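New to this one? Take a look at the fold first, and then we'll walk through a few spots together.

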Amino acid sequence: MQKSILIISNEASVRDMLANLLADAGHRASLAGSGEEAVKIVTNSAQDFVLCEQFLPDCSGVELKRRLLRLSPKSRVIVLSSFTIIRSSDDVLRFGSSDFILDQRELLDLIEAAGEERAPVAEPVTDEDLKKCLIETIDVLVGLLEVNDPFFGGNSHITMEYARAVGEAMKLPKEMVDEIVVGSLLHDIGRVGIRPEILTGKKEISEDEYNTVKSHCENGANILDTIDFPWKIKPIIVHHHERYDGKGYPGGLKGREIPLGARILSVVDAYAAMISNRPYRKSLQKEEAIQELHKNVGTQFDPEVVEVFTRVVEEKFSFHGVGAKPRILLVDDEVDYVTLLKLKLVNEGFEVIVTDNGADALALMEKDRPDLVIADVLMPEMDGIAMFRKMRKLPGTGETPLLFLSGKDETKMKVEALHLGAEDYLLKPVDLKELAARIRNIIRRDKRRKKGAAGAGPSQGVMGDLTNLGVPDIVQTLHLGLKTACVFLKAGQPDEGRIYFTNGRISHCETGDLSGEEAFYRLLRMQEGAFVITHGQTTKKRTIDMDEMQLILEGFRRLDEEKKENTTG
């Protein structure tokens, strides 16, 4: 099997000798005389093996090996010393039993043997396994930092789930999705240096305090700067508060200048914040939050990301933002298990109140009715069954659903709990993902039973109003982002039409019996009405070749002439 092999040596004769040897054996050789040449070659082409001489004019072989492996982790880099150098250096004096000198042919045999497939002695731990473990560890540690925060608890995990879903829906490479996932988990770590009263206070903050809040983007990147992550997360963390129109911070980047991961995080972070309670306001409903995103497409947010996220929310997260966070009362005296369960439920978007006994649980229920009670059966003083009986008699709380978790598998107790009306009786340990799904279904079923099911169909495209974002702004936004999309404009019959974009260029326009440039000039007149931007929608028609800015300027010129004629007439 042919291999790509890079030979790096200061000696032209050594390079030529090894190149001829490898070529005769059917391999493809590239040659470099310095470390810088080698870096350029590896940057632009994949190499199976790299044979690197220990002493180079601009760096050592060991130093170069580290650089090359960062550029191409899958390459095998072998550092060699030629005998012509060894025999004239001090190294010859320290040769011992652990040093070897290989013949040219033996070196070739070694390379070919290294490329052969061998059955593993045991299942190896892959890079993907390690990356998955690292992501999950970061998720848990960040979750523990937030778990007891009444306003930001679970925020990073939920934001991460949104960002992952958007990245996958946009069919981004897995490496880039992982990059966005880790960046989302760590995006607010820079808040650690900000006084809590600034973040959670109810009063309006000063300009100095606002500047302190804004510093969390760069602070977060600086905190993580010494960690050599396998992903490029720093640009995502630094730029997740940039705006699509260039009016954000800290860099004032605009459009596609903003890293895609940061554009995705900007949208999902804003949505997660809007559907959560804050000290200074109540949470928005899902529909209100989505409407707010759509209102700010092209100014604050990338319109394509908003469109994908709107679809993702309907398909995967329809239960988020349908009201205040579901409130769960957790009654259990196993501290370790309760901590783990609370972390999982907070990350899933629930508000969790914890107590370790039945008497306190009943008092909490009387004070503020939860959406669900999760209780252990075996507890001191008052067991779970006795607590459930008393709970059923409390005014306004008797119909609250209850789920039992128990370490005791006893049929009599299980049957009694279910006869009393418990939603379920599960044995510990229970899979936490499965438990979260069960809880979600119990709460959803309970709300439907009380209020009846009411839902809206999924939104199609990015919707907005022309009074907020006019036709010229829409054109510039899609042109800036190199988008492929269809813009549907509607101000009532017969004032409606479509503008098609291909990679940011207007390719076709139609309204009524007009098409092409004349159709565009008519649509440019529209000042009021609705618009819908649907990304990825194309047409085979090509009726416009003129540059977008020229089209807009020509349209404005015609409007000015018409105004002058109407004035003089």
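Here is a short tour of a sheet, the helices packed on it, and a patch on the surface. Keep in mind that this is a predicted model.

Let's start with the sheet. It is an open one, built from five strands in the order 6-5-7-8-9, and the pairing is parallel. Strand 6 and strand 9 sit at the edges, so to speak, each pairing on one side only. Ignoring direction, neighbouring strands of this sheet are turned by 20° against each other on average.

Zoom in on strand 5 and strand 6: they pair in the parallel sense over five bridges. Within that pairing, L329 stands opposite I353 in strand 6.

Now for the helices on this sheet. Helix 16 lies across strand 5, strand 6, strand 7 and strand 8. Helix 17 packs on the sheet too, touching strand 5, strand 6 and strand 7. Here are the two with their angles:

| Helix | Residues | Strands touched or crossed | Angle |
|---|---|---|---|
| Helix 16 | 335-347 | strands 5, 6, 7 and 8 | about 165° to strand 6 |
| Helix 17 | 358-367 | strands 5, 6 and 7 | about 160° to strand 5 |

Finally, over to the surface. Which residues make a nonpolar surface patch of about 260 Å²? The answer is V140, L141 and L144. You'll find V140 in helix 6, which covers residues 127-146. Is V140 buried, exposed or partly exposed? V140 counts as partly exposed because its relative accessibility is 40%, and that class lies between under 20% for buried and over 50% for exposed.

Key
Residues are numbered from 1 along each chain as its sequence is written. This is a predicted model: local features need pLDDT of at least 70, side-chain atom pairs count only at pLDDT 80 or more; totals for chains, interfaces and linings use all residues. Side-chain values use heavy atoms; hydrogens and water are left out. Patches are made of residues with over 30% relative accessible area and no salt bridge: like charges are joined within 9 Å, nonpolar side chains (Val, Leu, Ile, Met, Phe, Trp, Tyr) within 5 Å. Accessible areas come from the Shrake-Rupley method with a 1.4 Å probe; for residues, only the protein chains shown count as cover. A salt bridge is a side-chain nitrogen of Lys or Arg within 4 Å of a carboxyl oxygen of Asp or Glu. Helices (H or I, at least four residues) and strands (E, at least two) are DSSP runs, numbered from the N terminus. Buried means under 20% relative accessible area, exposed over 50%, partly exposed in between (1.4 Å probe, protein chains only). Two strands pair if DSSP finds at least two bridges between them. Axes are lines fitted to C-alpha atoms, for helices over the stretch in contact, and angles run from 0 to 180 degrees between N-to-C directions. Contact means heavy atoms within 4.5 Å.
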